[in-house]
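Open your viewer and keep the selection tool ready. We will go stop by stop.

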Amino acid sequence: MTLTDAGYRQRRQHLVARLHTTGHLTSPTVAGAFASVPRHPFAPAVYDVNSHGQVGDVLHATRPEHQDAYLAAVYGDEAIVTQISTDGRPTSSSTQPGVMAVMLEALDLHPGMTVLEIGTGTGYNAALLAHLLGDHAVTSIDIDPHLVATAATALDHAGYRPTVVTADGLAGYPQRAPYDRLIATCSVRRVPAAWLRHTTPGGLLLANLSYGVVPLRIDNNGAGHGRFLPQVAAFIEARPADGPVGPTVADMVSLCMGGTGTTSPGNPRDVALFTDPHGEFWWRLAEPSIYQCTLLPDGEEVHCLVDADTGSWARIHTQGPTVTVAQSGPRQIWHAVTTACRRWDSAGRPTHDHLGLTIDCDGTHTIWIDTPDGPHTWTLDDSR
Ligand SMILES: C[S@@+](CC[C@H](N)C(=O)[O-])C[C@H]1O[C@@H](n2cnc3c(N)ncnc32)[C@H](O)[C@@H]1O
């Protein structure tokens, strides 16, 4: 790379200015961390992803012909994909800086606190945490040993030495618990009980469900309560040690387009609820094992849905005013999704930032609107 240290510093300053402008950054302390910690050492090669989410070539920091595109990606306010699996799924990335800033501010960090990060990835967020709290206060874990080794090296070169360990974050990390703060940078279908147990009473746990971020304050009984942040973000889903979590788009298309299933007429109103972004937030929260992709052949609209737990699928075909539903497998998943959407509709179609979550000590997840003791509450999973 030909860019000088001053050149990199300037890139960081531009990023900070941009995050101020977009309103993602308001805390001077967090701004100081973004201004100090370089992002490029943590992502020396990034995948070029187009506006449709298609992953293209790798951009290398060391190739002069890549430099402009590489620097624009690394010092822009963008998530950068840093690893993909052999079947083409992103398996690691550096989160969009704007989202990182919002999450770091929501963590409400103060000197003397300890933090567990689940999802080390590149190590960039761990570096920001170490900058804010000191190396000794930060534990960061990732399920992928290669990522952990690479991140530890990058952290060391950048002058940060938090504890970085290979471990399955779905089990938390009891070895250094309890933590004043826990931040997950991979999403979960349900918040593991271990995360609540490993967070100090009065502490904060930041989790990603559906495409929302929810800070949960842990009470003296070990339960967690909080409201979803206005910021939305889709994270890489936490995977178990033994493999991927959900189907690829190719899997979904082949299952739904290749099978006949049982066909019935559908309701256009259900499709409208299902495709509304706030309706989608809700059904993904209610039915996190159901994955979806949309095809648009010749002005028609086809939604492919697959339940990762049972292999059940549904194909929703809309042509003009006519909706046809084909389903197969042990679960009627279109029925499950539309039940969730209709609940959202009958509650007055709340936007995600009006939703809150309480997790009881027994792991029950209850969604509420605006206030935990308001008229609308739902226990997730109770209809399954
Ligand atoms: C969005 S990336 C994390 C970004 C990271 N914080 C950074 O600053 O680069 C999500 C990470 O979660 C990790 N991950 C997925 N499943 C996990 C699990 N069960 N336990 C721990 N980490 C996991 C992935 O390997 C991936 O690196």
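**Stop 1: the ligand**

Select Gly-169 and the ligand: a backbone N or O atom of this residue is 2.7 Å from a ligand nitrogen atom. That is a polar contact (a pair of N or O atoms within 3.5 Å; within protein, one must be able to donate a hydrogen and the other to accept it, and residues adjacent in sequence count only if both atoms are side-chain atoms). Taken alone, the ligand exposes 600 Å², and the protein buries 99% of that. Such areas come from the Shrake-Rupley method with a 1.4 Å probe; for residues, only the protein chains shown count as cover.

Before going on, note that this is a predicted model: local features need pLDDT of at least 70, side-chain atom pairs count only at pLDDT 80 or more, and totals for chains, interfaces and linings use all residues. Residues are numbered from 1 along each chain as its sequence is written, and side-chain values use heavy atoms, leaving out hydrogens and water.

Now select Thr-122. An N or O atom of its side chain is 2.6 Å from a ligand oxygen. Add Asn-125, where a polar backbone atom is 3.1 Å from an oxygen of the ligand.

Which residues come nearest to the ligand? Of the 24 around it, they are Ser-92, Gly-119, Thr-122, Asp-142 and Gly-169. Next, color strand 4 (90-94), which gives the largest share of the shell, 4 residues. Strands here are DSSP runs of E, at least two residues; helices are runs of H or I, at least four; both are numbered from the N terminus.

**Stop 2: two domains**

Select 5-227 as domain 1 and 249-346 as domain 2, as the domain assignment gives them. Their C-alpha centres lie 33 Å apart. The contact (heavy atoms within 4.5 Å) takes 7 residues from domain 1 and 13 from domain 2.

**Stop 3: Arg-331**

Go to the loop between strand 16 (322-328) and helix 11 (333-346); Arg-331 is there. Is Arg-331 buried or exposed? Arg-331 is buried, at 16% relative accessible area. Buried means under 20%, exposed over 50%, and partly exposed in between (1.4 Å probe, protein chains only). Show Glu-287 too: its side chain makes a polar contact with the side chain of Arg-331, at 3.1 Å.

**Stop 4: His-352**

Move on to the loop between helix 11 and strand 17 (355-359), and pick His-352. His-352 is buried, with 8% relative accessible area. Its side chain reaches the backbone oxygen of Leu-229 at 3.3 Å. Beyond neighbours within four places in sequence, the contacts of His-352 include Phe-228, His-278 and Phe-281.

How values were computed:
A residue is near a molecule or strand if one of its heavy atoms lies within 4 Å of it. Domain bounds come from an automatic or database domain assignment.
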